[in-house]
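Reader: Could you take me through a close look at the place where the two chains meet? I would enjoy one connected account, from the overall contact down to single residues.

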Amino acid sequence: MKALNSSNMGGRSMNIQMRESEGAIHGKKGTVDHGNYVEVPVVCGPGVKEIASGEHIHEVFVVGPDGTQASLPSGIVVGEAATADIIFIVLPGVKQDIPLTVDLVGEGSTVHLAGIYLCSGNDHVTFDITMNHRVGHCVSRQVFNGLAANASKAEFFGRIVVAPDAQKTEAYQENHNVVLSDNAHVNTKPRLEIYADDVKCSHGATVGRLDEDAQFYMESRGIPEDEAKVLQMISFVAPVLEYAPEADREALATRVEDAIRHLSSV
Amino acid sequence: MNDILLEIKDLHASAGDKEILRGVNLEIGRGEIHAVMGPNGAGKSTLSSVLTGKPEYTVTQGSIEFMGQDLLAMKPEERAWAGIFMSFQYPIEIPGVSITNFMKTAINSKRKAQGIEPMKAADFLRLMKEKMALVQMKPEFAKREVNVGFSGGEKKRNEIFQMAMLDPTLAILDETDSGLDVDALKIVADGVKALHSPEKSAIIITHYQKLLEYVRPDVVHVLKAGRIVATGGYEIVDKIENEGFEQF
């Protein structure tokens, strides 16, 4: 939504696009300054999902107040030429940290992480995501949009690490938030650590409010104030639902809409 | 009996500390088309915003009656339900909401307020199809997100389409002609004419005469520095075209 981007409050947006570092021009082609890169071990343990080379997964995780958290992965290890499409829907009534580390260990893979979080009451939701591009020629895309109502708190920590040898990486991250009350709190911290020199990376983060012009436009068509707000909120999270498997999309959209209606009535 | 649809008396309105309308008097009879012309900054858009209840304007003095009701006491959506529609100068984009869903919500909100059952899906789709044909809008637009990626002409056409769907008693066209080429202007004008009937009225706000050549207004007003400084017939349009707004 136009005005949401323009009412970017404290959010940052930057684009990094690097080609042929100075080092390469001076004959050190193929070698890269590792800078401060510290290689950490690939995630392992019971909460870690392994995606074998050539495998394709598309999963939806709905986190509700009834405690769906047990099945959430804490890590994903992606093999070669694999795809992982994962969408999180966090419904109102949730207090939860959602840490997730993705390790791309095989070339030619694609990871999409998408998320919608709808926080109300005293909810506190924290996404803490690390996307490790350990090898080259992989694409990762993250799209998280959230709403914070009442006295809720929503946090998004998104770290992208591109290892020195992970050339031809493409890594993108978007996090957009709408604050619905003066007591709600949003914290968004994108972080890019890029040690390779031939990559395309970007991130964008915004925190805004519902758009008054859109609100008046809808009201002038006879849509009451509350319904117009609901339409704006649906409009705000709609792009994320595009990442849901087609077969589930309509059911998820209905579930999200119901939750938004609940959110705006509390 | 003189059937007055809209009566504006001594209307003063401000945006922030700035007084923009300084005593507007205007009467619109049922079935009449009025044009409000004026230079930039005269208060034309403020007038349409006040009529539709845009929150950033404050009415400091005066009254507006619409079909005997106190318009200024009504919320924007209540004004829409009462039969007022404004075609926006700059229509707003609403990503993620299709034109179909938008119109269905608008129409059923009004029905709900009036205690009528929601429109049946088949009836609604028939109405959509009929009105889209009227404004020559391609059927695929029904699924498009409201105004997203539309050209200037498509946005204005979508305004006239919404007007056709909502069937207002008083249509306000706020600079609907600005930024339109002749073909798009003709479509807008044809739509306005097709929707007009002896029970309905329209206010065309503009600073060009082009749209008025197609939709001949019954009464023409000149708004300048927040007041109506002249009222007459179509001859005023010619006068403005020849000599500008300076003469008033």
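Author: Happily; what follows goes from the interface as a whole to its residues, and then to the largest pocket. Please keep in mind that this is a predicted model.

Let us start with the overall contact. On one side stand 31 residues of chain B, and they are in contact with 17 residues of chain A. Together the two chains bury about 2,000 Å², and 69% of that area is on carbon and sulfur atoms. On the chain B side, the residues that lose the most area to chain A are B:Glu77, B:Phe88 and B:Ile92, which together account for 24% of what that side buries.

Now for the polar part of the interface. Between chain B and chain A, 10 residue pairs are in polar contact, counting residues at pLDDT 80 or more. Several elements of chain B supply at least two residues each to the side touching chain A: helix H2 (76-82), strand E6 (84-87), strand E7 (94-98), helix H3 (99-113) and helix H5 (152-166). Of these, H3(B) gives the most, with six residues. Sorted by class, this side of chain B holds 17 nonpolar, nine polar and five charged residues.

Salt bridges come next. Over all chains the count is 20 salt bridges. B:Glu159 sits in helix H5 of chain B, while A:Arg221 is in the loop between helix H3 (212-220) and H4 of chain A, so this pair joins two chains. The closest N and O atoms of B:Glu159 and A:Arg221 are 2.6 Å apart. Across the interface, one salt bridge is found.

Finally, the pocket. The largest pocket has a volume of about 750 Å³. Its lining is made of 24 residues, and A:Ile234, A:Ala253, A:Glu257, B:Gly96 and B:Asn101 lie nearest the centre. Helix H4 (225-241) and helix H5 (246-265) of chain A, along with E7 and H3 of chain B, each give two or more residues to this lining. By class, the lining of the largest pocket has nine nonpolar, six polar and nine charged residues.

Note on methods. Residues numbered from 1 in each chain as written. Chains lettered and ligands numbered in written order. Predicted model: local features only at pLDDT ≥ 70, side-chain atom pairs only at ≥ 80, totals over all residues. Heavy atoms only, no water. Contact = heavy atoms within 4.5 Å. Buried area = accessible area lost by both parts, 1.4 Å probe. Salt bridge = Lys/Arg side-chain N within 4 Å of Asp/Glu carboxyl O. Polar contact = N/O pair within 3.5 Å; in protein donor to acceptor, adjacent residues only side chain to side chain. Helix = DSSP H or I, 4+ residues; strand = E, 2+ residues; numbered from the N terminus. Nonpolar A, V, L, I, M, F, W, Y, C, P; charged D, E, K, R; others polar. 1 Å grid on protein atoms, 1.4 Å probe; cavity = no way out; pocket = protein on both sides within 12 Å on 5 of 7 lines; lining within 4 Å. Points joined across faces, edges and corners; volume = space filled by probe spheres on them.
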